[in-house]
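Q: Could you walk me through this structure a bit at a time? I'm new to this, so plain answers would help.

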Amino acid sequence: MRLKTGSQAGIYLLSCNEEKHGSITMAACYAWFLVLGSVFLCNLMKTLLPSISSFLSRMVQKDAEQENEMRTEIQAMKKEQSSISMMDEFARYARLERKINKMTDKLKTNVKSRSAQQAKMKWIVNIVFYILQAVLMISLIWKYYSDPVTVVPSKWIAPVERLVAFPTGVAGGVGITCWLVVCNKVVTLGLHAFS
Amino acid sequence: MEHAEAIADDEKTTTTTVVAAGSSLSAAQRRAEIRRRKLLMNSEDRMNRIVGFAKNEADNNGGFTRRPTEPRFHLDLDRPESWSSSQPSPRPSPRSRGATPERRDSPLPEEAAPVDGHLRGVRQRPKPDMSVGDNASGLHQYLSRFDDAIKLRGQLANEKPVQNGEADGEEFDPFTVFRLVCSVLLAVFVRVFVCKYLSIFAPFLTLELAFMGLSKYFPKVEKKAQTTVLTAALLLSGIPSEVINRSMDTYRRMGDVFADLCAYFFTFVISHQFLLLIGSEAGEPTGEASPAVTG
C-alpha cells in the first residue's frame, strides 16, 4: 500500500508502532515468565529425579514382596537352627544349614538383579530428563532468538547492553541466553535454600 | 642339580630312620610316616622357593606396572644378578627384552638379542654409574605420587556419596545470605530511584567493593577442601596444593560475585516488570521506542 501523504504515513507508522508495541509488550509480558517457569520446572524435576526413579523402579519390580518373604524365611530357619544342638542332631542341623545357604544365595541373586535394575532405571530416567531439558531449552532459544524477553532503556544496562541483549541485537533488550543463565542461577540458589 | 641330589639324600635318610624306628608299624603306616617326614623336612625349602619366586615375580610385576614411563634399564641391573643364579626366571626375560624403549632406541640393538646375562650386565653397568641416584630419586618420587594417587582415589570414593547428597556443594553461610539479601534490596532500590540517572551496574560494583571490606567482620566458615577429580589431577601433575587452594578460593569468590550479580539483575528485571504491570511507569518505554512516531 502506498501512502500518499506524510500524515497518512505518520498515522500508519503510529498504528504500526502501537500494534508492534502492543505485541512486543504482550510477548515481553509472558516471555520472561515463561523462561523463568521452564527453568524452575527443570530444576525442580532435577531435585526430584532420585525419588521419581525409585518410584518407577518400585512400580516395575514386583519382587520386593518375594524378597521380604525370603528374608523372613531365612530368619526363621536361623532361629530354628540356633535352637538345635549340632552335636545331637547333626543331620537336621546340616540340612537346615544347606537350606539357609541356598536361600541366602537366591536372595543375594535377587538383590543383585534388583539393584542392577534400579541402577538401569535411574540411568534411563536421568537420560530422558536431560534430553527433555535440552529440547525445552533449545526450543526456547529458537523461539526467542531474535526477540528479547524484556526491554529496558539501554542506558540502564550500559556498558554491557550488547552482551545482555545477545543474540537479539535489540538495544536495551534482555536476550534469552542471559535470562536463562540468570534464572538458572537464581532458581538453583532458591531451591537449595528451601531444600 | 645339587638341590635335587640334596632332596634325594634327605628322602633316603628319612626312609632309613622310619624303617629303623617303626618296625612294629604296618607298611601303610610306615609309608605315611615317610611322607609326613618328607613334607616336614622340605617345608623350609619349599617356603624359600615360594617366597623367593614370589619376590622375583613381584619385583618384575612392580617394575612392569609401577613404572610405565620410567626408564627401565635400572631394573635390568638387578636381572644380571638373578640370571647369574642357578634359577633363571623365564618370566622376566620377555619383558626385559621387548618392553624397554631405551633398549629399543639404543644404538646397539643387536646386542639386546643374546640371552647371556653377563654381557647384558656388562653393557649396562656404565649407565647406572651415571644415573642411579637420579633413578632412585625418580623412583621414590614416582612411588610417592602413586601412593598419593591411591589416597586421593580413596578420598574421592569416600566423598562421592557426600557430594551426591549436597546440591553442587554450595553452603549458605551468614555472609553469603547477607550478600544475597543486600543485592536484592539494592536492586529494588536502584529500580525505583537510581536507574534513571546512571547504569544499574555502578551501584552493584560499589556494593561488591563494600562486601570486600565487610567480609572480615563476618565469622569465617572454614570450607572443607573437597577432593574432586580435578584437584586430584592437579595434585598429581605436580602443582602445589597451596596454589590449588588459592585458585579454588579465587574461583569460589568469583562464583559468589556471579551469584550476587544474578540475584541483583533478576530482582531488577522482576521489579521492572512488576512496576510495568502496575502501570506506574508505562510511559517510559514508549518514550524510548517511539522516535519514529515523533519523526
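Q: Let's start with B:Cys182: is it buried or exposed?
A: Keeping in mind that this is a predicted model, B:Cys182 counts as buried, with a relative accessibility of 19%, and the cut-off for that label is under 20%.

Q: And B:Cys262, buried or exposed?
A: B:Cys262 is buried as well, and its relative accessibility comes to 2%.

Q: How many disulfides are there over all chains?
A: The count over all chains is zero.

Q: Why is there no bond between B:Cys262 and the closest cysteine sulfur?
A: The closest cysteine sulfur belongs to A:Cys178 and lies 8.0 Å from the sulfur of B:Cys262, which is too far for a bond, because a disulfide needs the two sulfur atoms within 2.5 Å.

Q: OK, new topic: what is the secondary structure of chain B?
A: Chain B has 13 helices and zero strands, so if you read along its sequence you meet one α after another, in the pattern α-α-α-α-α-α-α-α-α-α-α-α-α.

Q: How much of chain B is buried?
A: Of the 295 residues in chain B, 26% are buried, while the chain exposes about 19400 Å², of which carbon and sulfur atoms supply 62%.

Q: What about contacts between residues that are far apart in sequence?
A: If you take the contacts in chain B between residues at least 6 apart in sequence, 72% of them join residues at least 24 apart.

Q: How many aromatic pairs turn up in the whole structure?
A: A search over all chains finds ten aromatic pairs, and one of them is formed by B:Phe178 and B:Phe211, which meet edge-to-face with 6.0 Å from centre to centre and 70° between the planes.

Q: Which parts of chain B does that pair tie together?
A: B:Phe178 sits in helix 8 (residues 174-194) and B:Phe211 in helix 9 (residues 201-214), so the pair ties together parts of chain B that are 33 residues apart in sequence. B:Phe178 is partly exposed at 28% relative accessible area, whereas B:Phe211 is buried at 2%.

Q: Which residues do the ring pairs link into a cluster there?
A: The cluster consists of B:Phe175, B:Phe178 and B:Phe211, linked by ring pairs.

Q: Last one, over to chain A: which residues make the nonpolar surface patch?
A: The patch covers about 690 Å² and is made by A:Trp123, A:Ile124, A:Ile127, A:Val128, A:Ile131, A:Leu132 and A:Val135. Of these, A:Val128 lies in helix 3 (residues 90-143) of chain A and is partly exposed, with a relative accessible area of 43%.

Note on methods. Residues numbered from 1 in each chain as written. Chains lettered and ligands numbered in written order. Predicted model: local features only at pLDDT ≥ 70, side-chain atom pairs only at ≥ 80, totals over all residues. Heavy atoms only, no water. Phe/Tyr/Trp six-rings, centres within 6.5 Å; stacked < 30°, edge-to-face > 60°. Helix = DSSP H or I, 4+ residues; strand = E, 2+ residues; numbered from the N terminus. Buried < 20%, exposed > 50% of the residue type's maximum accessible area, 1.4 Å probe, protein only. Contact = heavy atoms within 4.5 Å. Areas by Shrake-Rupley, 256 points an atom, 1.4 Å probe, with all protein chains shown as cover. Patch = residues over 30% accessible without salt bridge, like charges linked within 9 Å, V, L, I, M, F, W, Y side chains within 5 Å. Salt bridge = Lys/Arg side-chain N within 4 Å of Asp/Glu carboxyl O.
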